[in-house]
Amino acid sequence: MLSQLSALRAEALDQLRQAANLTALDEWHSAVLGRKGSLTALLGTVGTLPREERPAFGQAANQLKRELETAYDAQAIALKEQALKQALQRESVDVTLPGRPGQPGRLHLSTQTLRDIARIFGLMGFQIYRAREVETDEMNFQMLNIPPHHPARDMQDTLYTTPPNVLLRTHTSPGQIHAMRQYCPQPIRVILPGLVFRNEQVTARSEFMFHQVEGLAVGKHITLADLKGVFSEFARMMYGDARRVRFRGSYFPFTEPSIEVDMDCMLCEGKGCRVCKYTGWLEISGAGMVHPVVLRNGGYDPDVFTGFAFGMGVERPAMLKYGIDDIRYFFSNDIRFLEQF
Ligand code: FA5
């Protein structure tokens with residue numbers, strides 16, 4: 001019987017050394033020390049021995065049990081340490097690698113340009129007036145002296161939300177009527193920035209959605225000279241001290257007289273280049289004296305009040321300033337474009 005014990009010992013210790021992971025170790029434990037394990041089975045046979053051999057066998061078997069349990073515990077600790085070491089190696093972090101820089105957010109170029117424009121007009125006493133993007137046909141056209149079937153409507157093919165009367169504004173000019181009706185009979189000096197929408201072919205120069213900044217001044221002694229002064233100052237502050245502006249006759253149904261404001265080309269200093277189509281001048285805004293009919297629609301008596309208005313794009317001037325050759329970059333959400341500004 002004692003020789004059986006020593007054979008079991010040799011075999012069990014050998015198998016224990018071969019248990020390469022915790023699962024194998026568990027299996028070894030139930031095969032040797034478990035309720036149906038080999039040592040437990042051998043202990044169960046003690047009753048079959050002659051009485052005088054029993055104490056020596058029992059003692060030897062219990063000693064072996066303790067020895068195997070100690071060996072099992074040591075092997076379990078070793079295997080756990082090994083597993084932990086492997087996990088640490090797998091998940092190790094190389095603290096000497098350079099960090100990955102965070103990507104801070106920034107303002108969109110249109111927003112930056114809008115803020116530049118608002119800041120400059122703010123210094124000249126203009127407040128910001130926010131008007132709605134969804135308009136009625138009456139406000140977008142009729143109140144601005146553009147009756148149904150007027151040929152000027154062809155300039156701005158329209159996107160309707162509920163045809164035929166509710167639409168996405170095609171310009172910021174309907175805001176003039178809202179501002180006048182709110183402030184009348186006070187004098188007004190506001191700019192109206194925002195998105196406008198036109199159902200037109202998208203090209204490198206034209207988007208179907210873009211920003212405009214409308215300007216409106218109404219008072220008792222406002223003349224075209226005020227408009228000229230405001231624009232000369234605006235061009236100088238926005239594009240540099242050396243800028244000059246000029247005015248050309250034009251036509252808008254809601255202004256009389258109507259003008260187009262040009263600025264000498266900042267890229268060629270007025271000498272003529274591809275951007276200014278070799279004229280030396282760049283168009284920056286439509287403008288004019290508010291038409292008497294429009295003043296009356298806003299609640300003002302055109303015999304007492306006069307006013308000037310202007311409407312300029314935001315993306316096109318930004319394209320000129322930063323040398324961007326395609327307006328479609330603005331709203332295509334390409335991070336490589338956006339992070340340059
Ligand atoms: C108007 O929209 C008039 N409401 C401006 C106005 C206001 C005149 C008040 C007189 C008094 P126009 O259609 O030209 O005018 O547009 C004004 C500016 O918007 C243009 O100079 C241009 O910078 C910009 N713009 C026009 N169409 C587009 C387009 N498709 N894509 C990008 N910018 C555009």
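In this predicted model, the secondary structure of the protein amounts to 11 helices and 10 strands. The radius of gyration is 43 Å, well over the 20 Å that the globule rule gives for 341 residues, so the protein is more spread out than a compact globule. Taken along the principal axes, the box filled by the C-alpha atoms comes to roughly 135 × 45 × 35 Å.

Seven of the strands form an open sheet of mixed pairing, in which the order is β1-β5-β6-β10-β9-β8-β7. The edge strands are β1, covering residues 127-128, and β7, covering residues 245-250, and each of them pairs on one side only. Strands of a sheet pair through backbone hydrogen bonds, either parallel or antiparallel. The pairings made by the two edge strands are set out below.

| Strand pair | Sense | Bridges | Residue pair |
|---|---|---|---|
| β1 and β5 (residues 188-197) | parallel | two bridges | Q127 and V190 |
| β7 and β8 (residues 255-264) | antiparallel | six bridges | F247 and V261 |

At the β1 edge, Q127 has V190 of β5 as its bridge partner, within a parallel pairing of two bridges. At the β7 edge, where the pairing with β8 is antiparallel and runs over six bridges, F247 stands opposite V261 of β8. The strands β7 and β8 form a hairpin, with four residues between them.

Helix α7, made up of residues 174-183, lies across several strands of the model, namely β1, β5, β6 (209-219), β9 (281-290) and β10 (306-313). With respect to β5, helix α7 runs at about 145 degrees.

A separate helix contact joins α5 (residues 109-123) and α8 (residues 224-239), whose axes come within 10 Å of each other and cross at roughly 130 degrees. Because angles over 145 degrees count as roughly antiparallel and those from 65 to 115 degrees as roughly perpendicular, this crossing makes α5 oblique to α8. The crossing of the two helices is right-handed.

Which residues of α5 meet α8? On the α5 side they are T113, D116, I117, I120, F121 and L123, and the residues they meet in α8 are V230, F234, M237 and M238. By class, this contact of α5 with α8 comprises eight nonpolar residues, one polar residue and one charged residue.

Notes: Residues numbered from 1 in each chain as written. Predicted model: local features only at pLDDT ≥ 70, side-chain atom pairs only at ≥ 80, totals over all residues. Heavy atoms only, no water. Axes fitted to C-alpha atoms, helices over the stretch in contact; angles between N-to-C directions. Parallel < 35°, antiparallel > 145°, perpendicular 65-115°, else oblique. Left-handed = near helix turned anticlockwise from the far one by under 90°. Contact = heavy atoms within 4.5 Å. Nonpolar A, V, L, I, M, F, W, Y, C, P; charged D, E, K, R; others polar. Pairing = 2+ DSSP bridges. Rg over C-alpha atoms; globule rule 2.2 N^0.38 Å.
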